[in-house]
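User: I have a model open and want to go through some local details. Can you take my questions as they come?

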Amino acid sequence: MRPGKLEDYLGQEHILGIGKPLRETIVAQHLHSMIFWGPPGVGKTSLAQLIAETCDAQFLSLSAVMAGVKDIREAVSKAEALKPLGKKTILFVDEVHRFNKAQQDAFLPFVENGTFIFIGATTENPSFELNNALLSRAKIYVLKNLEPDDLLKLLDRALTDAQHGLGSQALEITEQCKLQLVSTADGDARRVLNTLEIAAEMAAAKNTRLIDQNILNDILTGTPRRFDKGGDYFYDQISALHKSVRGSSPDAALYWFARMLDGGCDALYVARRAVRMASEDIGNADPRALQLALNAWETQERLGSPEGELAIAQALVYMACAPKSNATYTAFKKAMQAVREGKTDEVPIHLRNAPTKLAKEMEHGADYRYAHDTPEAYIPGESYLPPELKTVSFYQPVPRGLESKIAEKLAYYRQLDRESEWQRYPGDKDKEQGV
(Lines give C-alpha, C1' and ligand atoms only; values in the text may rest on other atoms or scores of the structure.)
Protein backbone atom coordinates (compact mmCIF):
# COMPACT_ATOMS: atom_id res chain seq x y z
CA MET A 1 0.00 0.00 0.00
CA ARG A 2 2.98 2.36 -0.33
CA PRO A 3 2.08 5.41 -2.46
CA GLY A 4 3.22 5.22 -6.07
CA LYS A 5 3.53 8.95 -6.63
CA LEU A 6 4.00 12.07 -4.57
CA GLU A 7 0.35 13.10 -4.93
CA ASP A 8 -0.73 9.89 -3.18
CA TYR A 9 1.46 10.47 -0.13
CA LEU A 10 -0.64 11.13 2.97
CA GLY A 11 0.26 13.59 5.71
CA GLN A 12 3.34 15.76 6.38
CA GLU A 13 1.82 18.82 4.74
CA HIS A 14 4.17 21.02 6.78
CA ILE A 15 7.10 19.85 4.62
CA LEU A 16 5.39 18.44 1.50
CA GLY A 17 2.55 20.89 0.92
CA ILE A 18 2.48 23.02 -2.21
CA GLY A 19 5.32 25.53 -2.04
CA LYS A 20 7.03 23.85 0.93
CA PRO A 21 10.83 23.51 0.70
CA LEU A 22 11.09 19.72 0.56
CA ARG A 23 8.41 19.39 -2.09
CA GLU A 24 10.08 22.07 -4.21
CA THR A 25 13.41 20.29 -3.79
CA ILE A 26 11.93 16.98 -4.96
CA VAL A 27 10.05 18.46 -7.90
CA ALA A 28 13.11 20.41 -9.06
CA GLN A 29 15.30 17.31 -8.45
CA HIS A 30 17.84 19.39 -6.54
CA LEU A 31 18.43 16.70 -3.98
CA HIS A 32 20.55 16.90 -0.85
CA SER A 33 21.30 14.50 1.98
CA MET A 34 18.65 14.50 4.66
CA ILE A 35 17.48 12.92 7.91
CA PHE A 36 13.83 12.01 8.47
CA TRP A 37 13.05 12.15 12.18
CA GLY A 38 9.65 10.95 13.32
CA PRO A 39 7.68 8.23 15.11
CA PRO A 40 7.13 4.78 13.59
CA GLY A 41 4.62 4.34 10.79
CA VAL A 42 4.43 7.92 9.52
CA GLY A 43 5.97 7.34 6.09
CA LYS A 44 9.73 7.83 6.39
CA THR A 45 10.63 4.86 4.15
CA SER A 46 7.78 5.56 1.72
CA LEU A 47 8.91 9.16 1.34
CA ALA A 48 12.49 8.10 0.60
CA GLN A 49 11.26 5.65 -2.07
CA LEU A 50 9.03 8.32 -3.58
CA ILE A 51 11.95 10.71 -3.83
CA ALA A 52 13.98 8.09 -5.68
CA GLU A 53 11.07 7.33 -8.01
CA THR A 54 10.33 10.98 -8.71
CA CYS A 55 13.97 11.83 -9.37
CA ASP A 56 14.72 8.65 -11.37
CA ALA A 57 17.43 7.61 -8.92
CA GLN A 58 18.68 4.19 -7.94
CA PHE A 59 17.27 3.31 -4.50
CA LEU A 60 19.49 1.35 -2.13
CA SER A 61 18.27 0.49 1.33
CA LEU A 62 20.07 -0.58 4.49
CA SER A 63 18.76 -1.28 7.96
CA ALA A 64 21.13 -0.26 10.72
CA VAL A 65 19.68 -3.07 12.83
CA MET A 66 21.16 -5.71 10.50
CA ALA A 67 23.82 -4.00 8.36
CA GLY A 68 27.51 -3.52 9.01
CA VAL A 69 30.50 -1.90 7.33
CA LYS A 70 30.56 -4.67 4.68
CA ASP A 71 27.00 -3.79 3.62
CA ILE A 72 27.93 -0.11 3.46
CA ARG A 73 30.87 -0.94 1.15
CA GLU A 74 28.64 -2.98 -1.15
CA ALA A 75 26.17 -0.07 -1.39
CA VAL A 76 29.04 2.31 -2.15
CA SER A 77 30.26 0.02 -4.95
CA LYS A 78 26.82 -0.04 -6.56
CA ALA A 79 26.56 3.76 -6.36
CA GLU A 80 30.07 4.24 -7.77
CA ALA A 81 29.24 2.01 -10.74
CA LEU A 82 26.36 4.28 -11.77
CA LYS A 83 28.01 7.61 -11.02
CA PRO A 84 29.98 7.80 -14.33
CA LEU A 85 26.70 7.20 -16.19
CA GLY A 86 25.14 10.26 -14.59
CA LYS A 87 22.68 8.12 -12.60
CA LYS A 88 21.90 9.35 -9.09
CA THR A 89 21.82 6.95 -6.17
CA ILE A 90 19.84 7.39 -2.97
CA LEU A 91 21.15 5.37 -0.05
CA PHE A 92 18.39 5.02 2.53
CA VAL A 93 19.44 3.92 6.02
CA ASP A 94 16.59 2.95 8.31
CA GLU A 95 17.07 3.23 12.09
CA VAL A 96 20.30 5.13 11.38
CA HIS A 97 20.68 5.98 15.07
CA ARG A 98 21.60 2.34 15.70
CA PHE A 99 24.87 2.74 13.81
CA ASN A 100 27.82 3.55 16.04
CA LYS A 101 30.08 6.55 15.45
CA ALA A 102 32.57 4.63 13.30
CA GLN A 103 29.79 3.25 11.09
CA GLN A 104 28.26 6.71 10.71
CA ASP A 105 31.68 8.12 9.78
CA ALA A 106 31.95 5.56 6.98
CA PHE A 107 29.31 7.48 5.01
CA LEU A 108 31.01 10.86 5.19
CA PRO A 109 33.49 10.77 2.28
CA PHE A 110 30.85 9.41 -0.11
CA VAL A 111 28.27 11.99 0.97
CA GLU A 112 30.94 14.65 0.52
CA ASN A 113 31.99 13.61 -3.02
CA GLY A 114 28.45 12.97 -4.22
CA THR A 115 28.71 9.20 -4.65
CA PHE A 116 25.20 8.95 -3.25
CA ILE A 117 22.51 11.08 -1.64
CA PHE A 118 22.16 9.98 1.94
CA ILE A 119 18.72 9.70 3.53
CA GLY A 120 18.56 8.45 7.09
CA ALA A 121 15.44 7.62 9.08
CA THR A 122 15.31 7.69 12.86
CA THR A 123 12.76 7.67 15.66
CA GLU A 124 15.29 9.21 18.06
CA ASN A 125 16.48 12.79 18.40
CA PRO A 126 19.28 13.20 15.82
CA SER A 127 21.05 15.77 17.98
CA PHE A 128 21.69 13.07 20.57
CA GLU A 129 22.03 9.96 18.42
CA LEU A 130 23.94 11.10 15.29
CA ASN A 131 27.44 12.52 15.18
CA ASN A 132 27.97 16.15 14.30
CA ALA A 133 29.91 15.43 11.11
CA LEU A 134 26.94 13.58 9.61
CA LEU A 135 24.44 16.14 10.88
CA SER A 136 26.39 18.97 9.26
CA ARG A 137 26.03 17.31 5.86
CA ALA A 138 22.31 16.53 6.06
CA LYS A 139 19.17 18.59 6.59
CA ILE A 140 16.77 17.32 9.24
CA TYR A 141 13.07 17.03 8.39
CA VAL A 142 10.66 16.29 11.24
CA LEU A 143 7.77 13.97 10.36
CA LYS A 144 4.67 14.05 12.54
CA ASN A 145 1.98 11.57 13.54
CA LEU A 146 -0.60 11.08 10.81
CA GLU A 147 -3.90 12.84 11.38
CA PRO A 148 -7.14 10.79 11.72
CA ASP A 149 -8.35 12.04 8.31
CA ASP A 150 -5.16 10.76 6.69
CA LEU A 151 -5.55 7.37 8.34
CA LEU A 152 -9.20 7.15 7.22
CA LYS A 153 -8.12 7.85 3.64
CA LEU A 154 -5.50 5.13 3.97
CA LEU A 155 -8.12 2.71 5.28
CA ASP A 156 -10.48 3.44 2.37
CA ARG A 157 -7.63 3.03 -0.09
CA ALA A 158 -6.70 -0.35 1.38
CA LEU A 159 -10.32 -1.52 1.29
CA THR A 160 -10.91 -0.50 -2.33
CA ASP A 161 -7.58 -1.24 -4.02
CA ALA A 162 -8.06 -4.62 -5.66
CA GLN A 163 -4.44 -4.97 -6.75
CA HIS A 164 -2.51 -4.09 -3.61
CA GLY A 165 -5.18 -3.89 -0.91
CA LEU A 166 -8.23 -5.86 0.16
CA GLY A 167 -10.59 -4.58 -2.55
CA SER A 168 -10.84 -8.00 -4.22
CA GLN A 169 -12.36 -9.44 -1.03
CA ALA A 170 -15.27 -7.00 -0.97
CA LEU A 171 -14.88 -6.48 2.76
CA GLU A 172 -17.27 -4.31 4.72
CA ILE A 173 -16.55 -2.32 7.85
CA THR A 174 -18.79 0.09 9.72
CA GLU A 175 -17.87 3.74 10.10
CA GLN A 176 -17.76 3.30 13.86
CA CYS A 177 -15.25 0.47 13.51
CA LYS A 178 -13.15 2.58 11.14
CA LEU A 179 -13.02 5.40 13.66
CA GLN A 180 -12.12 3.00 16.45
CA LEU A 181 -9.36 1.45 14.38
CA VAL A 182 -7.94 4.89 13.57
CA SER A 183 -8.15 6.13 17.16
CA THR A 184 -6.19 3.15 18.50
CA ALA A 185 -3.52 3.44 15.79
CA ASP A 186 -1.99 6.45 17.53
CA GLY A 187 -1.05 8.15 14.25
CA ASP A 188 0.72 5.03 12.92
CA ALA A 189 -0.20 4.01 9.35
CA ARG A 190 1.57 0.69 9.66
CA ARG A 191 -0.50 -0.19 12.69
CA VAL A 192 -3.73 0.66 10.85
CA LEU A 193 -2.85 -1.59 7.91
CA ASN A 194 -1.60 -4.44 10.09
CA THR A 195 -4.74 -4.35 12.22
CA LEU A 196 -6.95 -4.24 9.13
CA GLU A 197 -5.14 -7.24 7.67
CA ILE A 198 -5.58 -9.27 10.86
CA ALA A 199 -9.26 -8.27 10.98
CA ALA A 200 -9.71 -9.44 7.38
CA GLU A 201 -8.14 -12.81 8.23
CA MET A 202 -10.40 -13.19 11.27
CA ALA A 203 -13.46 -12.32 9.19
CA ALA A 204 -12.46 -14.91 6.60
CA ALA A 205 -12.03 -17.52 9.34
CA LYS A 206 -15.58 -16.77 10.49
CA ASN A 207 -16.80 -17.04 6.89
CA THR A 208 -17.96 -13.44 6.80
CA ARG A 209 -16.94 -10.32 4.91
CA LEU A 210 -18.02 -7.95 7.65
CA ILE A 211 -15.43 -6.59 10.07
CA ASP A 212 -17.63 -5.87 13.06
CA GLN A 213 -17.19 -4.68 16.61
CA ASN A 214 -16.61 -8.18 17.99
CA ILE A 215 -13.69 -8.80 15.63
CA LEU A 216 -12.11 -5.44 16.42
CA ASN A 217 -12.52 -5.95 20.16
CA ASP A 218 -10.67 -9.26 19.95
CA ILE A 219 -7.79 -7.61 18.09
CA LEU A 220 -7.53 -4.31 19.92
CA THR A 221 -7.78 -5.56 23.50
CA GLY A 222 -4.59 -4.53 25.27
CA THR A 223 -3.17 -2.61 22.31
CA PRO A 224 -0.57 -0.23 23.79
CA ARG A 225 -0.25 3.39 22.84
CA ARG A 226 3.03 4.64 21.41
CA PHE A 227 5.66 4.83 24.13
CA ASP A 228 9.39 4.25 24.33
CA LYS A 229 10.74 3.64 27.80
CA GLY A 230 14.18 4.92 26.88
CA GLY A 231 13.61 7.36 24.04
CA ASP A 232 12.16 10.73 23.16
CA TYR A 233 8.52 9.78 23.83
CA PHE A 234 9.44 8.84 27.38
CA TYR A 235 11.28 12.06 28.14
CA ASP A 236 8.77 14.23 26.30
CA GLN A 237 5.93 12.82 28.37
CA ILE A 238 7.68 13.10 31.72
CA SER A 239 8.56 16.67 30.70
CA ALA A 240 4.89 17.33 29.96
CA LEU A 241 3.91 15.85 33.34
CA HIS A 242 6.43 17.99 35.22
CA LYS A 243 5.39 21.17 33.39
CA SER A 244 1.72 20.41 34.06
CA VAL A 245 2.36 20.22 37.80
CA ARG A 246 4.45 23.39 37.65
CA GLY A 247 1.70 25.09 35.66
CA SER A 248 -0.96 24.17 38.26
CA SER A 249 -2.99 21.92 35.93
CA PRO A 250 -4.13 18.81 37.84
CA ASP A 251 -6.09 17.53 34.83
CA ALA A 252 -3.05 17.62 32.56
CA ALA A 253 -0.88 16.06 35.26
CA LEU A 254 -3.30 13.13 35.59
CA TYR A 255 -3.53 12.75 31.81
CA TRP A 256 0.23 12.51 31.28
CA PHE A 257 0.60 10.20 34.28
CA ALA A 258 -2.07 7.92 32.79
CA ARG A 259 -0.37 8.06 29.38
CA MET A 260 2.92 6.97 30.88
CA LEU A 261 1.38 4.13 32.86
CA ASP A 262 -0.56 3.01 29.79
CA GLY A 263 2.70 2.87 27.83
CA GLY A 264 4.40 0.67 30.41
CA CYS A 265 6.32 3.24 32.45
CA ASP A 266 7.47 2.12 35.89
CA ALA A 267 5.33 4.04 38.38
CA LEU A 268 8.31 4.26 40.74
CA TYR A 269 10.08 6.47 38.21
CA VAL A 270 7.18 8.92 38.28
CA ALA A 271 7.17 8.77 42.08
CA ARG A 272 10.86 9.75 42.17
CA ARG A 273 10.22 12.59 39.75
CA ALA A 274 7.31 13.76 41.91
CA VAL A 275 9.75 14.19 44.81
CA ARG A 276 11.88 16.36 42.56
CA MET A 277 8.83 18.43 41.55
CA ALA A 278 7.90 18.95 45.18
CA SER A 279 11.29 20.46 46.00
CA GLU A 280 11.95 22.27 42.73
CA ASP A 281 8.58 23.87 42.02
CA ILE A 282 6.75 24.04 45.37
CA GLY A 283 9.46 24.06 47.98
CA ASN A 284 8.68 25.95 51.16
CA ALA A 285 5.54 27.48 49.74
CA ASP A 286 3.96 24.20 50.90
CA PRO A 287 6.43 21.77 52.55
CA ARG A 288 3.65 19.18 52.85
CA ALA A 289 4.02 18.49 49.12
CA LEU A 290 7.41 16.87 49.65
CA GLN A 291 6.08 14.65 52.42
CA LEU A 292 3.09 13.63 50.32
CA ALA A 293 5.37 12.77 47.40
CA LEU A 294 7.58 10.65 49.67
CA ASN A 295 4.51 8.92 51.07
CA ALA A 296 3.31 8.12 47.56
CA TRP A 297 6.72 6.68 46.67
CA GLU A 298 6.65 4.48 49.78
CA THR A 299 3.07 3.40 49.04
CA GLN A 300 4.04 2.33 45.53
CA GLU A 301 7.00 0.34 46.88
CA ARG A 302 4.85 -1.38 49.52
CA LEU A 303 1.62 -2.03 47.64
CA GLY A 304 2.47 -1.83 43.95
CA SER A 305 -0.26 -1.41 41.33
CA PRO A 306 -2.97 -0.13 41.40
CA GLU A 307 -3.00 1.14 45.00
CA GLY A 308 0.38 2.80 44.74
CA GLU A 309 -0.47 4.47 41.45
CA LEU A 310 -3.51 6.06 43.08
CA ALA A 311 -1.29 7.46 45.83
CA ILE A 312 1.04 8.93 43.19
CA ALA A 313 -1.95 10.44 41.41
CA GLN A 314 -3.07 11.98 44.71
CA ALA A 315 0.37 13.51 45.22
CA LEU A 316 0.46 14.89 41.68
CA VAL A 317 -2.96 16.50 42.04
CA TYR A 318 -1.99 18.04 45.39
CA MET A 319 1.24 19.43 43.98
CA ALA A 320 -0.49 20.82 40.90
CA CYS A 321 -2.93 22.68 43.17
CA ALA A 322 -0.32 23.81 45.72
CA PRO A 323 1.25 27.30 45.79
CA LYS A 324 4.43 27.36 43.72
CA SER A 325 7.93 28.50 44.60
CA ASN A 326 11.29 27.73 43.04
CA ALA A 327 13.08 29.97 45.55
CA THR A 328 14.96 27.09 47.21
CA TYR A 329 15.86 25.58 43.83
CA THR A 330 17.17 28.93 42.58
CA ALA A 331 19.00 29.69 45.83
CA PHE A 332 20.71 26.29 45.82
CA LYS A 333 21.91 26.79 42.23
CA LYS A 334 23.29 30.23 43.14
CA ALA A 335 25.08 28.81 46.18
CA MET A 336 26.62 26.00 44.09
CA GLN A 337 27.72 28.52 41.47
CA ALA A 338 29.29 30.75 44.13
CA VAL A 339 31.23 27.79 45.53
CA ARG A 340 32.45 26.67 42.10
CA GLU A 341 33.48 30.17 41.03
CA GLY A 342 34.95 31.38 44.30
CA LYS A 343 38.05 30.56 46.24
CA THR A 344 38.04 28.15 49.16
CA ASP A 345 37.02 30.49 51.96
CA GLU A 346 37.98 29.41 55.45
CA VAL A 347 35.38 28.90 58.11
CA PRO A 348 35.27 32.02 60.33
CA ILE A 349 37.01 31.50 63.65
CA HIS A 350 33.88 31.99 65.74
CA LEU A 351 32.05 29.21 63.80
CA ARG A 352 34.78 26.59 64.08
CA ASN A 353 34.52 23.52 66.27
CA ALA A 354 36.77 23.31 69.34
CA PRO A 355 36.89 19.66 70.43
CA THR A 356 40.56 19.71 71.47
CA LYS A 357 42.82 21.77 73.70
CA LEU A 358 44.82 22.96 70.70
CA ALA A 359 41.65 24.14 68.94
CA LYS A 360 40.66 26.07 72.04
CA GLU A 361 44.10 27.62 72.28
CA MET A 362 43.68 28.72 68.66
CA GLU A 363 40.43 30.39 69.77
CA HIS A 364 38.20 28.19 67.62
CA GLY A 365 34.63 29.04 68.56
CA ALA A 366 35.67 32.12 70.50
CA ASP A 367 33.12 34.92 70.49
CA TYR A 368 30.42 32.53 69.23
CA ARG A 369 27.05 33.49 70.66
CA TYR A 370 24.41 30.83 71.27
CA ALA A 371 21.23 31.95 69.50
CA HIS A 372 18.90 30.19 71.93
CA ASP A 373 20.19 32.35 74.76
CA THR A 374 18.62 35.41 73.15
CA PRO A 375 14.94 36.42 73.56
CA GLU A 376 13.98 35.66 69.92
CA ALA A 377 16.65 32.98 69.28
CA TYR A 378 18.21 35.43 66.84
CA ILE A 379 21.37 37.50 67.16
CA PRO A 380 21.12 40.73 65.16
CA GLY A 381 24.17 41.45 63.06
CA GLU A 382 25.70 37.99 63.45
CA SER A 383 27.09 36.49 60.22
CA TYR A 384 27.46 32.82 59.41
CA LEU A 385 29.12 33.27 56.01
CA PRO A 386 32.76 33.93 55.13
CA PRO A 387 33.47 37.69 55.28
CA GLU A 388 33.67 37.94 51.48
CA LEU A 389 30.08 36.70 51.20
CA LYS A 390 28.62 38.57 54.14
CA THR A 391 26.23 40.62 51.99
CA VAL A 392 25.17 37.77 49.70
CA SER A 393 21.53 36.65 49.74
CA PHE A 394 20.85 33.42 47.85
CA TYR A 395 17.36 32.67 49.14
CA GLN A 396 14.56 35.02 48.10
CA PRO A 397 11.18 33.61 49.20
CA VAL A 398 8.16 34.28 47.04
CA PRO A 399 4.93 35.92 48.29
CA ARG A 400 2.94 32.67 48.02
CA GLY A 401 1.87 30.03 50.50
CA LEU A 402 3.98 29.49 53.58
CA GLU A 403 6.89 31.31 51.98
CA SER A 404 5.04 34.61 52.35
CA LYS A 405 5.33 34.07 56.14
CA ILE A 406 8.97 33.10 55.75
CA ALA A 407 9.58 36.27 53.76
CA GLU A 408 8.06 38.35 56.55
CA LYS A 409 10.25 36.63 59.14
CA LEU A 410 13.43 37.14 57.10
CA ALA A 411 12.54 40.77 56.42
CA TYR A 412 12.13 41.27 60.20
CA TYR A 413 15.53 39.68 60.86
CA ARG A 414 17.19 41.86 58.23
CA GLN A 415 15.69 44.93 59.83
CA LEU A 416 17.17 43.84 63.15
CA ASP A 417 20.53 43.41 61.41
CA ARG A 418 20.33 46.93 60.00
CA GLU A 419 19.46 48.39 63.42
CA SER A 420 22.40 46.53 64.91
CA GLU A 421 24.68 48.06 62.30
CA TRP A 422 23.26 51.53 62.99
CA GLN A 423 24.05 51.16 66.68
CA ARG A 424 27.68 50.32 65.88
CA TYR A 425 27.98 52.81 63.01
CA PRO A 426 25.38 55.60 63.49
CA GLY A 427 26.40 57.31 60.24
CA ASP A 428 25.22 54.31 58.20
CA LYS A 429 21.59 55.02 59.13
CA ASP A 430 21.81 58.56 57.79
CA LYS A 431 23.41 57.33 54.56
CA GLU A 432 20.73 54.65 54.08
CA GLN A 433 17.93 57.15 54.68
CA GLY A 434 19.54 59.76 52.46
CA VAL A 435 20.10 62.28 55.25
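User: To start, is Arg 352 buried, partly exposed or exposed?

Analyst: Arg 352 counts as partly exposed, at 24% relative accessibility. Buried means under 20% relative accessible area, exposed over 50%, and partly exposed in between, with a 1.4 Å probe and protein chains only. Before we go on: this is a predicted model, where local features need pLDDT of at least 70 and side-chain atom pairs count only at pLDDT 80 or more, while totals for chains, interfaces and linings use all residues. Residues are numbered from 1 along each chain as its sequence is written, and side-chain values use heavy atoms, with hydrogens and water left out.

User: Which residue forms a salt bridge with Arg 352?

Analyst: Glu 346 does, with the closest N and O atoms 3.1 Å apart. A salt bridge here is a side-chain nitrogen of Lys or Arg within 4 Å of a carboxyl oxygen of Asp or Glu. Glu 346 is exposed, with a relative accessible area of 61%.

User: How many salt bridges does the structure hold?

Analyst: It holds 14. Arg 246, Arg 276, Glu 280 and Asp 281 are linked in a network of them.

User: What about Asp 156, what does that pair with?

Analyst: Asp 156 forms a salt bridge with Lys 178, and the closest N and O atoms are 2.6 Å apart. Asp 156 is in helix H9 and Lys 178 in helix H10, so the pair ties together parts that are 22 residues apart in sequence. Helices (H or I, at least four residues) and strands (E, at least two) are DSSP runs, numbered from the N terminus. Lys 178 counts as buried at 10% relative accessibility, and Asp 156 as partly exposed at 33%.

User: And where do Asp 105 and Lys 101 lie?

Analyst: Both are in helix H5 (residues 101-105), four residues apart, about one turn of the helix. They form a salt bridge whose closest N and O atoms are 3.3 Å apart. Lys 101 is exposed, with a relative accessible area of 54%, while Asp 105 is partly exposed at 26%.

User: Different topic. Lys 44 is buried, so what is the nearest side chain of opposite charge?

Analyst: That is Asp 94, 6.0 Å away, and Lys 44 has no salt bridge. For charges, Lys and Arg count as positive and Asp and Glu as negative; His and the chain ends are not counted.

User: Then what does the side chain of Lys 44 reach?

Analyst: The side chain of Lys 44 reaches the backbone oxygen of Pro 39 at 2.8 Å. A polar atom of the same side chain lies 3.2 Å from the backbone oxygen of Gly 38. A polar contact is a pair of N or O atoms within 3.5 Å; within protein, one must be able to donate a hydrogen and the other to accept it, and residues adjacent in sequence count only if both atoms are side-chain atoms. Lys 44 itself lies in helix H3 (residues 44-54).

User: Which residues does Lys 44 touch?

Analyst: Leaving out residues up to four places away in sequence, Lys 44 touches Tyr 9, Phe 36, Gly 38, Pro 39, Phe 92, Ala 121, Thr 122, Thr 123 and Leu 143. Contact means heavy atoms within 4.5 Å.

User: On to H11. Which of its residues are buried?

Analyst: Ala 189, Val 192, Thr 195, Leu 196, Ala 199, Ala 200 and Ala 203. Seen down the axis of H11, they fall within an arc of 140°, so they line one face of the helix. The arc is that of the directions from the helix axis to the C-beta atoms.

User: What do they pack against?

Analyst: Helix H9 (148-160), helix H10 (175-185), strand E7 (210-211) and helix H12 (213-220). On the other side of H11, Glu 201, Ala 204 and Ala 205 are exposed.

User: What happens at the start of H11?

Analyst: A side-chain oxygen of Asp 188 reaches to within 2.9 Å of the backbone nitrogen of Arg 190. Just after H11, Asn 207 takes a positive phi of about 60°.

User: Last one: where is Pro 306 found?

Analyst: Pro 306 is in the loop between helix H16 (288-303) and helix H17 (307-321). The peptide bond from Ser 305 to Pro 306 is cis, with omega near 0°. Most peptide bonds are trans.
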